[in-house]
Amino acid sequence: MPAYSKKQYWDERYSSCDSFDWYVVFEQLEPLLRPLLKDRNAAILILGCGNSRFSAQLYSAGYPNITNVDFSPVVIERMEAVHRDMEGMRWMVMDCTQLELPDASFDLAVDKGTTDAMLCGEGANRNVHQMFRHIQRLLKAGGHFVMVTYGKPDNRILHLRRRRLNWSVEHKTLPRLNPPSSSSSSGNSSSSSSVAGGSEYHVYIATKPDSRYCCIEEEEEDDSQDDQDLAEDEELALASAYCC
């Protein structure tokens, strides 16, 4: 399996790949996003943006306030140059487990495959939880986190329902437009069609409450029980992560 969680893998891939959309294209996801974007100036965060056309299409659909982050400087430099005419579009080199952005600054965060890539690496559960904690912090009250994944609820929902996230979670599915391929992806096609098995992708919409209920004791409580629960799911999470 390619080292999807490693920066070096993506730097090398992006050096020779023009455009690639993981899992679903904008046209598929747009009907799910529009009800969540009540304001045309909604602040949107794209996590692990890669070289997808998604951000540019979202911008063209009338949502210009987009911040794109990826830990590959190769792809950020390239995407910033390609989309330099899109005024206000931001491109930032940033690790999703260390999102150095202001609290409560986004209405919507979108992940298409980034969580799955992280689940292919060492310390997967803890890294995913670290990213989710940042997302929870960055979302405004009532904001939404949309995650597109190949993972079924059995091995993804626990990550989203950890106690300190305090999200309400809705699950939807989207059909695969392209059939599975027995060969590995060359990285030159416009959408991922080589994920093994299954006929649908899973979309999780996690919503931050309008006013978060908490107390000092809850804030000081560690995540040891959550870590223990998720440790039991480690093998399942790794086995169900996508491969190309």
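Begin by selecting Arg 40 together with Tyr 63 in this predicted model, where Arg 40 lies over the face of Tyr 63, at 4.7 Å from the ring centre.

From there, turn to the aromatic rings that pair with each other, of which the structure holds six pairs. Select Phe 132 and Phe 145 and look at how their rings are placed: the centres are 5.3 Å apart and the planes stand at 65 degrees, over the 60 degrees required, so this pair is edge-to-face. The two residues come from distant parts of the chain, since Phe 132 belongs to helix H6 (residues 124-138) and Phe 145 to strand E5 (residues 139-149), with their positions 13 residues apart in the sequence. Both of them are buried, and for Phe 132 the relative accessible area is 0%.

Keep Phe 132 selected and add Trp 167, whose ring centre is 5.9 Å from that of Phe 132; the planes are at 55 degrees, so this pair is tilted. Here, too, distant parts of the chain are linked, as Phe 132 in helix H6 and Trp 167 are 35 residues apart.

Now centre the view on Trp 167, which you will find in the loop between helix H7 (153-160) and strand E6 (168-175). Its relative accessibility is 9%, which is under the 20% limit, and therefore Trp 167 counts as buried. Among the residues it touches are Ile 135, Leu 139, Leu 160 and Thr 207. Ala 206 is also a contact of Trp 167, and although these two are 39 residues apart in sequence, their C-alpha atoms are 5.6 Å apart in space.

As a last stop, select Tyr 23, Tyr 150 and Tyr 201, which form one aromatic cluster.

Key:
Residues numbered from 1 in each chain as written. Predicted model: local features only at pLDDT ≥ 70, side-chain atom pairs only at ≥ 80, totals over all residues. Heavy atoms only, no water. Helix = DSSP H or I, 4+ residues; strand = E, 2+ residues; numbered from the N terminus. Buried < 20%, exposed > 50% of the residue type's maximum accessible area, 1.4 Å probe, protein only. Contact = heavy atoms within 4.5 Å. Phe/Tyr/Trp six-rings, centres within 6.5 Å; stacked < 30°, edge-to-face > 60°. Lys NZ or Arg CZ within 6 Å of the ring centre and 35° of its normal. Lists of a residue's contacts leave out its neighbours within four places in sequence.
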